[in-house]
Amino acid sequence: MKRLNYKVLEETGYQGYLLKKAPEKVLQFGEGNFLRAFVDYWFDLANEKAGWNGKCVLVQPIGGGLAKMINEQEGLYTLYLRGSEKGQKVDDRRVISSVSRCLNPYEADDYKAMMEVAASDDLEIIVSNTTEAGIVYDPSCKQEDCPPASFPAKLTQVLHHRYQAGKSGIIMLACELIDNNGKELLKCVNQYIDQWGMEEGFRTYVNEECTFCGSLVDRIVPGRIRDPKETEELNRKHGYEDPLLDVGEVFGVWVIEGGEKLNDILPFRKAGIEDKVFVVPDMSPYKKRKVRILNGAHTGFVLGAYLAGQDIVRDCMQDEVIKNFMNKMLYEEVIPTLPLDKEDLMQFAAAVQDRFNNPFVNHELMSISLNSTSKWKARNMPSFLGYIEQKKELPVCLTMSLAAYIAFYSNEIQCLTDAGLVCRRPAGNEYTVSDDRWVLEFYEAHKDDSEEALVHAVLTNIQMWDQDLTSIGGLEAAVTAGLKKIRTEGAGAAYQSCL
């Protein structure tokens, strides 16, 4: 079977949107599944819906990558967006044509080509998603390296070449999953300007003419179809082979931090997708929305759900007790503490239920359970404390969630191994709790405690929570009662008691 390219696609009779030739307006560091299912998808929509007429040049951030394969397919690849939307199953296919080519800067010709793109009149935007470890200052990188190892050093070279060519400043959109990603990237670039002794005019250019934007990205991208038989079936159905095939969930939001003038350059408002990709002066409320609602829901219900016999998130959404427990926690205890439009928060929470009900993704509860101590502190504690401050009472579901966390970490502890703390589920099978070693050693040391003693030890552990939680009136008694209920009647009954 023939590999996907423009000629092969034409032979199959494909009727979807395609843009074969356009100026290269975006230089994108990263060519992996996430960026191709997210950033390049939005630019593809902008081409179709706003006549943006732009292409993205991809750059491999490391030596090994997809450049050869992407170029063999002329930048084309198939994207499936799959999931559940308003309770309905969605399985959309789109051939993405917003990518022109991919460069491997570790090859001399491609490094030169990257610099040619950097000095182009067409270039407007640079995008990056080089993993959380990508935005790091590495002092071993030298200005004469072709290329330097770190992404910020590569970017400094690219911007310096553009500055020397007398071209206008660019918009930098950082997508890495770290706090203040745009500001951290700019900080690294300034460190290289200092280290390499670069001219003051270039420092001014970077800090005043270029715009470094932080951004928040939100889309789950499995990236591959796991069943090879399904892949073969799709190949036969569509008439081509596509080893670059990509899969993401239907839901997607890209929040970009910056001034209103960005909308004059970025094409997303003109494309009518400003509900999905939008510019705001401060993205921190949206980060809170994601962390406290999406991530907080996960951490808030999965530990008890696992003890109740569930294994994957989707099945939890078919369990009326667990689903209703999650929704009560989100709508009555989390949303009231968040500083955003309530209608927006309600819509986001409704989308979360759809996302958790995705018929194409088997999201295992045990994978979500990793490092739940720090997760509960970061994701659930702010809502918990905010609710108490507002209502002057304990939030029922979040309090039970804390009891479920303790139950999960202490249920019939068998032993502590190099892999983690081995516990036994009420159903009889063993499971391994993964967390920081000191957390696991704490629970192992308290495995013979009564419920009262264990809860007191957990709530007074300053290392866990940065505070003594027994100072919150009624909390110790409520968590103890919750833990006893989970251990005697089961987590399902404990969740039911909150409704």
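This report describes the surroundings of Asp-218, the cysteines and the internal cavities of a predicted model.

Asp-218 belongs to strand E9, which spans residues 215–218. The residue is buried, at a relative accessible area of 6%. Its side chain forms a polar contact of 2.7 Å with the side chain of Arg-355. Leaving aside residues up to four places away in sequence, Asp-218 touches Phe-38, Phe-251, Gly-252, Val-253, Lys-290, Leu-294, Phe-348 and Arg-355.

Arg-355 also appears in the lining of the largest cavity, together with Ile-220, Glu-249, His-298, Val-313, Arg-314, Phe-356, Asn-358, Val-361 and His-363. Two elements give two or more residues to this lining: helix H12 (313–316) and helix H14 (342–356). By class, the lining comprises four nonpolar, three polar and three charged residues. The volume of this cavity is about 80 Å³, and the structure holds four cavities of 30 Å³ or more.

The count of disulfides is zero. A disulfide requires two cysteine sulfur atoms within 2.5 Å. The closest cysteine sulfur to that of Cys-175 lies 10 Å away, in Cys-213, and is therefore too far for a bond. Cys-316 is likewise in no disulfide, as the nearest cysteine sulfur, in Cys-397, is 15 Å away. The table sets out the values for these two residues.

| Cysteine | Nearest cysteine sulfur | Relative accessible area |
|---|---|---|
| Cys-175 | Cys-213, 10 Å | Cys-175, 1% (buried) |
| Cys-316 | Cys-397, 15 Å | Cys-316, 0% (buried) |

Definitions and conventions:
Residues numbered from 1 in each chain as written. Predicted model: local features only at pLDDT ≥ 70, side-chain atom pairs only at ≥ 80, totals over all residues. Heavy atoms only, no water. Helix = DSSP H or I, 4+ residues; strand = E, 2+ residues; numbered from the N terminus. Buried < 20%, exposed > 50% of the residue type's maximum accessible area, 1.4 Å probe, protein only. Polar contact = N/O pair within 3.5 Å; in protein donor to acceptor, adjacent residues only side chain to side chain. Contact = heavy atoms within 4.5 Å. 1 Å grid on protein atoms, 1.4 Å probe; cavity = no way out; pocket = protein on both sides within 12 Å on 5 of 7 lines; lining within 4 Å. Points joined across faces, edges and corners; volume = space filled by probe spheres on them. Nonpolar A, V, L, I, M, F, W, Y, C, P; charged D, E, K, R; others polar.
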